[in-house]
Amino acid sequence: MGLTSKDLLGIQGITSEEIRLILDTAASMKEIASRDIKKVPTLRGKTIINLFYEPSTRTRTSFEIAGKWLSADVINISTSSSSVVKGESLKDTGLTLQAMHPDVVVIRHAVSGAPHLLAKLLKCSIINAGDGAHEHPTQALLDLFTIRERRPTLEGLKVAIVGDILHSRVARSNIFAMQKMGMHVRVCGPPTLLPRYVESLGVEKHLSVERAIADVDIIMMLRVQRERMGAGLFPTLREYSKLFGLNLDRLKMARPDVLIMHPGPINRGVEIAPEVADGPYSLIQDQVENGVAIRMALLYLLAGGQNN
Amino acid sequence: MSTRREKAQVLDPVGMGRAITRIAHEIGERNKGVEGVVLIGLRSRGVELAQRIAAKLEEIEGVKVPVGALDITLYRDDFGRAATQPVVRRTEIPFSVNDKRVVLVDDVLFTGRTTRAALDGLMDLGRPQCVQLAVLVDRGHRELPIRADYVGKNLPTSRNEAVQVFMAEEDSVDKVVIYEAVEE
């Protein structure tokens, strides 16, 4: 059993069987985090390069920890201190890295499709850690994993994704992933932050948060990207928070056992109230913890396959 | 392309039950009781085998012996060389192995490479007082300096044969079968 592709570029390119294999492998990997000695020898002698063109705390750190717990050598390249500032193109950076014989390159880039370009160019495995407003597949996988820990049968679950759907690669990957697993997805946000024809993805569109969250199993809040405010997409943070933020009052409209998720980083008091983010049904910390297990599973499945 | 054909059944349910009973008695004898003894089965048939030995030990000694499950996939030495990628299964050892008398339990002892991986995996979890090895079938052909402390049945085989242990919990029947390769 293994993945069919050498790369993980998006949820769109993998099957529900492959998603299940990744989640099952991650469930086995999770035990390692509870050990005194958090290291297994599996990827000894393998090299993983983290190539991040955009800032990141949890994704980059969890890839680094995942690689190290599997005994791989992990190198982090942050573009602000690399030849990228001298104007090196993505293609040339990729070829330079290839000459150093990495087994996996993890890339985050502001341009959609950047990982796909590298995947065609390089012989090693490429993992997409977020490309523009396109996909963020490892986030969607860890979200599914986190949900499955609480609700073992994913099929039939209802999810409301609330916030800036238009610019969110997390929303896109989650929509694809959840639908592949037979879940029902609704999106909700200000009209300016919902893509046109979003229904063509097979999701329900809501403009009222109250109605969107009324009978769902999971509420997934997205970060308000403050940098979007200048573009006139919504007037003020205060108004956004009032209309679309998840606070205790609004939460009363949802099912009492609803699970609350957020990919982070959160803006406390904007899209999510502190009492909700830290509340009993919040899975935000689980999401971070499970990120390591999911990335260990992917590194195992990609770096350890027959294609190497 | 080669397939395999059943050559002989070497243990039936009764024979398997006897072998397990004898192993349990020997474990009690060697360790002078079961004080500090824990059983760790190797996924997947070794786990069921460990549970059966534990049940037998409880009958004999009147004490419940802790049972854990160890998956050795992450410690294999043929990583990236095997034809198909092995599935990682869960290691579940709900007790500390420190200063315990650990009995590793596996269904078939062959090259010894699985046992080597299990020893490495076990040592990452703690420092047992000692480690012993119990197997239902020892089929020979060791490639490493490893031997079993408790053997259900010694089974001379040729290298191109295969030995498979079936257990009721997973396979709905108790038996050990030897297969020979058939060239097509």
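In the predicted model, the side chain of A:Lys39 reaches the backbone oxygen of A:Lys68 at a distance of 2.6 Å. A:Lys39 is located in the loop that runs between helix 1 (16-29) and strand 1 (47-52) of chain A. With a relative accessible area of 40%, A:Lys39 is classed as partly exposed, because this value falls between the 20% limit for buried residues and the 50% limit for exposed ones. Beyond its neighbours within four places in sequence, A:Lys39 is in contact with residues of chain A, namely A:Ile32, A:Lys68, A:Trp69 and A:Ser71, and with B:Tyr75 and B:Asp124 of chain B. The C-alpha atom of A:Lys39 is separated by 24 Å from that of A:Arg20, a residue 19 positions away along the chain.

Two of the residues in this contact list recur in the lining of the second largest cavity. A:Ile32 and B:Tyr75, both in contact with A:Lys39, are among the residues that line this cavity. The second largest cavity holds about 60 Å³ of space. From chain A, its lining includes A:Ser28, A:Glu31, A:Ile32 and A:Arg35; from chain B, the lining residues are B:Asp71, B:Leu74, B:Tyr75, B:Val88, B:Arg89, B:Arg90 and B:Thr91. By class, 5 of the lining residues are charged, 4 are nonpolar and 2 are polar.

The search of the whole structure yields 3 cavities of 30 Å³ or more. The largest cavity has a volume of about 90 Å³. Its lining consists of A:Arg58, A:Ser62, A:Gln139, A:Leu142, A:His262, A:Pro263, A:Gly264, A:Ile284, A:Gln287, A:Val288, A:Gly291 and A:Arg295. Helix 2 (58-69), helix 5 (137-150) and helix 11 (284-303) of chain A each provide at least two of these residues, and helix 11 of chain A makes the largest contribution, with 5 residues. The lining of the largest cavity comprises 6 polar, 4 nonpolar and 2 charged residues.

Elsewhere in chain A, A:Asn128 lies in strand 4 (residues 125-131). A:Asn128 counts as buried because its relative accessibility, 0%, is under the 20% limit. The side chain of A:Asn128 takes part in polar contacts with residues further along the chain: it reaches the backbone nitrogen of A:Gly130 at 2.6 Å, and a polar contact of 2.8 Å joins it to the side chain of A:Asp131. With residues up to four places away in sequence set aside, A:Asn128 touches A:Leu8, A:Leu9, A:Ile107, A:Pro115, A:Glu135, A:Pro137 and A:Thr138.

In chain B, strand 4 (residues 101-109) is mostly covered, with 8 of its 9 residues buried. Strand 4 of chain B pairs in the parallel sense with strand 2 (residues 37-42) of chain B over 5 bridges; in this pairing, B:Arg101 is the bridge partner of B:Val37. Strand 4 of chain B also pairs in the parallel sense with strand 5 (residues 130-138) of chain B, here over 8 bridges, and B:Val103 has B:Gln132 as its bridge partner in strand 5.

The loop between strand 4 and helix 3 (113-125) of chain B contains B:Thr111. B:Thr111 is buried, since its relative accessible area of 15% is under 20%. The side chain of B:Thr111 reaches the backbone nitrogen of B:Arg113 at 3.2 Å. Apart from neighbours within four places in sequence, the residues in contact with B:Thr111 are B:His141, B:Arg142, B:Glu143 and B:Leu144.

A further residue of chain B, B:Gln164, is found in strand 7 (residues 161-166). The C-alpha atom of B:Gln164 lies 7.8 Å from that of B:Val108, although the two residues are 56 positions apart along the chain. B:Gln164 has a relative accessible area of 25% and is therefore partly exposed, as this value lies between 20% and 50%. A polar contact of 2.6 Å links the side chain of B:Gln164 to that of B:Arg4. B:Arg4 is also one of the residues in contact with B:Gln164 once neighbours within four places in sequence are left aside; the others are B:Lys175, B:Val176, B:Val177 and B:Tyr179.

How values were computed
Residues are numbered from 1 along each chain as its sequence is written. Chains are lettered from A and ligands numbered from 1 in the order in which they are written. This is a predicted model: local features need pLDDT of at least 70, side-chain atom pairs count only at pLDDT 80 or more; totals for chains, interfaces and linings use all residues. Side-chain values use heavy atoms; hydrogens and water are left out. Helices (H or I, at least four residues) and strands (E, at least two) are DSSP runs, numbered from the N terminus. Buried means under 20% relative accessible area, exposed over 50%, partly exposed in between (1.4 Å probe, protein chains only). Contact means heavy atoms within 4.5 Å. A polar contact is a pair of N or O atoms within 3.5 Å; within protein, one must be able to donate a hydrogen and the other to accept it, and residues adjacent in sequence count only if both atoms are side-chain atoms. On a 1 Å grid over the protein atoms alone, a cavity is a set of points where a 1.4 Å probe fits but cannot get out, and a pocket is an open set with protein on both sides within 12 Å along at least five of seven lines; lining residues have an atom within 4 Å of a point. Grid points are joined across faces, edges and corners, and a volume is the space filled by probe spheres set on the points. Ala, Val, Leu, Ile, Met, Phe, Trp, Tyr, Cys and Pro count as nonpolar, Asp, Glu, Lys and Arg as charged, and the others, Gly among them, as polar. Two strands pair if DSSP finds at least two bridges between them.
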